[in-house]
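Thanks for making time this morning. I would like to walk through one model with you, and I will try to keep to what can be read from it.

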There are 2 protein chains.
Amino acid sequence: MFNMSNLDFQIVKVKEDILIENDKKADSLRKFLKEKGIYFINVMASPGSGKTTLLTRIINALKGKYRIGVLEADIDGDVDAERISKNTGVKVIQVHTSGACHLTAQMVEDALKAFGVDDLDLIILENVGNLVCPAEFDTGSNINMMLLSTSEGHDKPLKYPLMFQVSKIAVISKMDVAPIFDFDLNKAKENILYRNPEAKIFALSSIKNEGVDSLINYLDSLIQNSK
Amino acid sequence: MFNMSNLDFQIVKVKEDILIENDKKADSLRKFLKEKGIYFINVMASPGSGKTTLLTRIINALKGKYRIGVLEADIDGDVDAERISKNTGVKVIQVHTSGACHLTAQMVEDALKAFGVDDLDLIILENVGNLVCPAEFDTGSNINMMLLSTSEGHDKPLKYPLMFQVSKIAVISKMDVAPIFDFDLNKAKENILYRNPEAKIFALSSIKNEGVDSLINYLDSLIQNSK
């Protein structure tokens, strides 16, 4: 009477189709941006992990060298777009996802059309705060960077496999409060590398501006090498 | 060429069907548990908001009065089930969601069948750490309780509307570290009530055991009144 297996099958099938279409769209978007000489970074994390604070540091460090545009994705509200705009002065657009917990490549393309990319060298997407769905959707970015804040705990890579698997850069944020939360940095690194042995890990505090420089230098080298 | 509108339409349609089926299943599950005299609390929050630590306090306070069973939902891993089991001694079952960011009522029913409910008065579900998808799916619970930790910031109700709308109880956790994160309790309360004017708000620290008692008393009164 309440068997959902037929519906479950349907949603799995439709989702597969969606993901295949999304991958195509992401590849074409990546190619388009490559031709324009634009590098694209997709930033993912839980709500409140410190994405906006870290991005403000990164943008202020790189904005003299690259023309930067920021896409802020949220289900509702525009608090982050306002913060980034006020604290960095770069071009920002707020994207609302109509309730969805992720951004598709199509949504990114639509936003970039509205935004205009001809005056940009670097696009940074701050994805919806979520450790699950955004990891499933290729946004057309050149690299995925994820944040794990020390207040969330070092066990999270065990619970959210895909997010750590698809992110080449894993940032451990809020290191200044690690002792308060009994956060074990070595265990965190071990858990991240268990999910993705290739991950580049940066442990830092955006508020105290500690460890942020080496991440910025790494991002800078990636952008340079993409040219 | 890359228009996804047909697929988008399909997924919206299938999702609507899924949600309608899920609501039916949730209602029947709620009725079944009511007949058995079992109260069911669904707990939702971001990853690392302190659900497991708070639940340990609540369970230890109520386990002398009620026979409690805990469902731990995660995409992978069993760290929380182990913690609850070790620190409270009550019956715990780990549910894996096969990559999904939420639990359906069907998954809850399957888990409860495997678990056995005849020796229980109270079921607590610790849902997948996520501020988006779990809010869409009625689990068959009598009440939704959500946590917002001070490390996440007081702006989160603006960004994740549905989670705050569907949760009758909003717990502000990690109050002991609120000053470190410039967390504004009044703004947080204002933002929560903007999304849900009926929300019962509890600000507390599970680690310091401050403010937890009034939440426990409130939950106890809800369970009593349901009899």
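I will take the sheet, then the helices and the core, and finally the way the chains meet.

Please keep in mind throughout that what you see is a predicted model. Let me begin with chain A, where seven strands form an open sheet with parallel pairing, and where the order across the sheet is β3-β2-β4-β1-β5-β6-β7. At the edges of this sheet in chain A we find β3, residues 91–96, and β7, residues 200–203, each of which pairs on one side only. From one strand to the next, the twist averages 20°.

Within that order, I want to pause at β1 and β4 of chain A, residues 39–45 and 122–126, which pair in the parallel sense over five bridges. If you look along this pair, you will find F40(A) standing opposite I123(A) in β4(A).

Turning to the helices, α2 of chain A, residues 51–62, lies across β1, β2, β4, β5 and β6 of chain A, and its direction is at about 170° to β4(A). Helix α8 of chain A, residues 212–225, lies across β1, β4, β5, β6 and β7 of chain A, running at about 145° to β7(A).

What about the nonpolar core? In soluble globular proteins, nonpolar side chains tend to be buried together. Here the largest nonpolar core has 126 residues, and those touching the most other members are I124 and V171 of chain A together with I124 and V171 of chain B. Which residues does I124(A) contact, once its neighbours within four places in sequence are left aside? They are I41(A), V43(A), L55(A), I68(A) and V70(A).

That brings me to the contact between the chains, to which chain A and chain B contribute 39 residues each. On the side of chain B that touches chain A, α1 (5–35) and α5 (156–159) of chain B each supply at least two residues, and α1(B) gives the most, with 10 residues. Sorted by class, that side of chain B has 18 nonpolar, 11 polar and 10 charged residues.

How, then, are the two copies arranged? Chain B is superposed on chain A by a rotation of 180° with 0.0 Å of shift along its axis, at an RMSD of 0.0 Å. The two copies are therefore related as by a two-fold rotation axis. Moreover, 100% of the interface residues of chain B are also interface residues in chain A, so the copies meet through the same surface.

Technical notes:
Residues numbered from 1 in each chain as written. Chains lettered and ligands numbered in written order. Predicted model: local features only at pLDDT ≥ 70, side-chain atom pairs only at ≥ 80, totals over all residues. Contact = placed C-beta atoms within 7 Å. Helix = DSSP H or I, 4+ residues; strand = E, 2+ residues; numbered from the N terminus. Nonpolar A, V, L, I, M, F, W, Y, C, P; charged D, E, K, R; others polar. Least-squares fit on C-alpha atoms with pLDDT ≥ 70 in both. Core = buried A, V, L, I, M, F, W, Y, C linked by C-beta atoms within 7 Å. Buried ≥ 20, exposed ≤ 12 C-beta atoms within 10 Å, placed from the backbone. Pairing = 2+ DSSP bridges. Axes fitted to C-alpha atoms, helices over the stretch in contact; angles between N-to-C directions.
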